[in-house]
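Reader: I've just opened this one and I'd like to learn how to read it. Can we go through it feature by feature?

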Amino acid sequence: MRRALVLGSGGATGIAWELGVLAGLERAGVRLAAADLVVGTSAGAVVAARLTTGGGLAAPDPDRHAERSGRLSAAVVARLLAAQLYPSRRHALAWLGGRAARSWTPAAERRWIELVAPGLAGLPWPAQLVIVAAEAATGRPAYFSAARPADLAAAVAASCAVPGVFPAVRVDGRLHFDGGLRSPANLDVATGCGAVIALAPLSGAVRVHRRPRHQAAALERCGSRVVLIEPGLAGRVAIGPDLLAPERALRAFAAGEVDAARHAEAARAAWGS
């Protein structure tokens with residue numbers, strides 16, 4: 001039975017919440033390191049790379065994460081919402097990609113990679129890891145994996161690059177940005193796996209088929225056993241509307257531990273030994 005761990009998008013507070021969930025599940029005896037497939041999208045790409053390269057699941061360091069890395073302005077949120085409503089998702093992403101390309105500079109890209117993916121540059125690509133991004137010029141999804149390896153730091157930074165907030169990142173000579181624009185969690189990448197544990201800090205999408213719950217139900221209809229973990233009330237408050245607020249990271253981590261305890265029994269049953 002192939003086992004998949006899917007880690008969805010959610011900004012800085014989503015990263016902290018996911019780390020808390022994973023730490024709680026590990027303490028409950030769920031051997032997540034045994035995953036045959038680890039799918040990371042946006043915030044989940046940071047956590048997935050950390051997990052598969054032995055980076056550990058410690059709580060965020062408040063001193064290191066005290067500086068805000070970006071801000072979701074009203075104009076950025078409006079553009080992202082407009083892209084959600086656009087009839088053609090691919091054309092909407094290409095529209096966002098055109099804006100990203102016009103503002104891109106090598107220096108901005110370099111600073112962003114150093115900020116979001118320190119220590120990952122040049123590391124070998126983990127065999128079980130898939131990172132989801134979107135190609136800026138075409139809007140098509142990009143799946144970086146051992147079959148299509150890229151520089152790990154660049155792939156992680158690309159998957160996290162919210163257009164209008166962070167610069168797009170060149171991978172294979174083409175600009176890429178946030179994989180969460182395709183779907184908040186991209187559970188469909190785990191199709192064919194017998195057991196799936198999915199963490200979705202964000203679950204909303206205008207198109208139903210992009211929502212984690214819908215994708216989880218589709219996997220279950222195909223025979224997968226899926227445990228979808230979404231934030232409870234405390235987790236939603238901790239993650240908050242401003243996903244880039246570093247001052248809530250420790251609170252989000254603690255809420256993730258609580259959410260892990262709620263789902264530990266189901267996760268152990270699905271995951272096995």
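Reader: Let's take strand pairing. In which sense do β1 and strand β7 pair?

Author: The general idea: two strands pair if DSSP finds at least two bridges between them, and the strands themselves are DSSP runs (E, at least two residues), as helices are (H or I, at least four), numbered from the N terminus. Here, β1 and strand β7 (residues 195–199) pair in the parallel sense, with 5 bridges. For one of the partners, look at Ala4, which is matched with Val196 in β7.

Reader: Before I go on, what am I looking at, and how are the residues numbered?

Author: It's a predicted model, where local features need pLDDT of at least 70 and side-chain atom pairs count only at pLDDT 80 or more, while totals for chains, interfaces and linings use all residues. Residues are numbered from 1 along each chain as its sequence is written, and side-chain values use heavy atoms, with hydrogens and water left out.

Reader: Back to β1, then. How many bridges join β1 to strand β2?

Author: There are 4 bridges between β1 and strand β2 (residues 37–41), and the two run parallel. Leu5, for instance, has Val38 of β2 as its bridge partner. To get from β1 to β2, the chain passes through helix α1 (residues 11–27), and this β-α-β crossover is right-handed. To check the hand yourself, point the strands away from you: it is right-handed if the path from the first strand over the helix to the second runs clockwise.

Reader: Why is β1 described as largely enclosed?

Author: Start with the cut-offs: buried is under 20% relative accessible area, exposed is over 50%, and partly exposed is in between (1.4 Å probe, protein chains only). In β1 (residues 3–7), 5 of the 5 residues are buried, so the rest of the structure largely encloses the strand. Both of its faces are covered, with Arg3, Leu5 and Leu7 buried on one side and Ala4 and Val6 on the other.

Reader: Which helix can I look at in the same way?

Author: Try α6: 8 of the 8 residues are buried, so this helix too is largely enclosed by the rest of the structure. Among them are Leu152, Val156 and Ser159. As a rule, an α-helix has 3.6 residues a turn, so residues three or four places apart point the same way.

Reader: What caps the N-terminal end of α6?

Author: You're looking for a polar contact: a pair of N or O atoms within 3.5 Å; within protein, one must be able to donate a hydrogen and the other to accept it, and residues adjacent in sequence count only if both atoms are side-chain atoms. Here the cap is Asp151, with a side-chain oxygen 3.3 Å from the backbone nitrogen of Ala153.

Reader: How do β5 and β6 fit together?

Author: β5 and β6 pair in the antiparallel sense over 3 bridges, and Val171 has Arg174 as its bridge partner in β6. The two strands form a hairpin with 2 residues between them, and Asp172 in the turn has a positive phi of about 55°. β6 also pairs with β3, antiparallel and over 3 bridges, with Ala133 opposite Asp178.

Reader: How many salt bridges are there?

Author: The rule wants a side-chain nitrogen of Lys or Arg within 4 Å of a carboxyl oxygen of Asp or Glu. That gives 7 salt bridges. One of them joins Arg170 to Glu109, with the closest N and O atoms 3.2 Å apart. Arg170 lies in strand β5 and Glu109 in helix α5, so this pair ties together parts 61 residues apart in sequence. Arg170 is partly exposed at 41% relative accessible area, whereas Glu109 is buried at 7%.

Reader: And what about aromatic pairs?

Author: Rings of Phe, Tyr and Trp (its six-membered ring) pair if their centres lie within 6.5 Å; planes under 30 degrees apart count as stacked, over 60 as edge-to-face and the rest as tilted. The structure holds 1 such pair. Trp112 and Phe166 are stacked, 4.0 Å centre to centre with 10° between the planes. The pair links distant parts of the chain, 54 residues apart: Trp112 in helix α5 (residues 106–116) and Phe166 in the loop between α6 (152–159) and β5 (169–171). Both Trp112 and Phe166 are buried.
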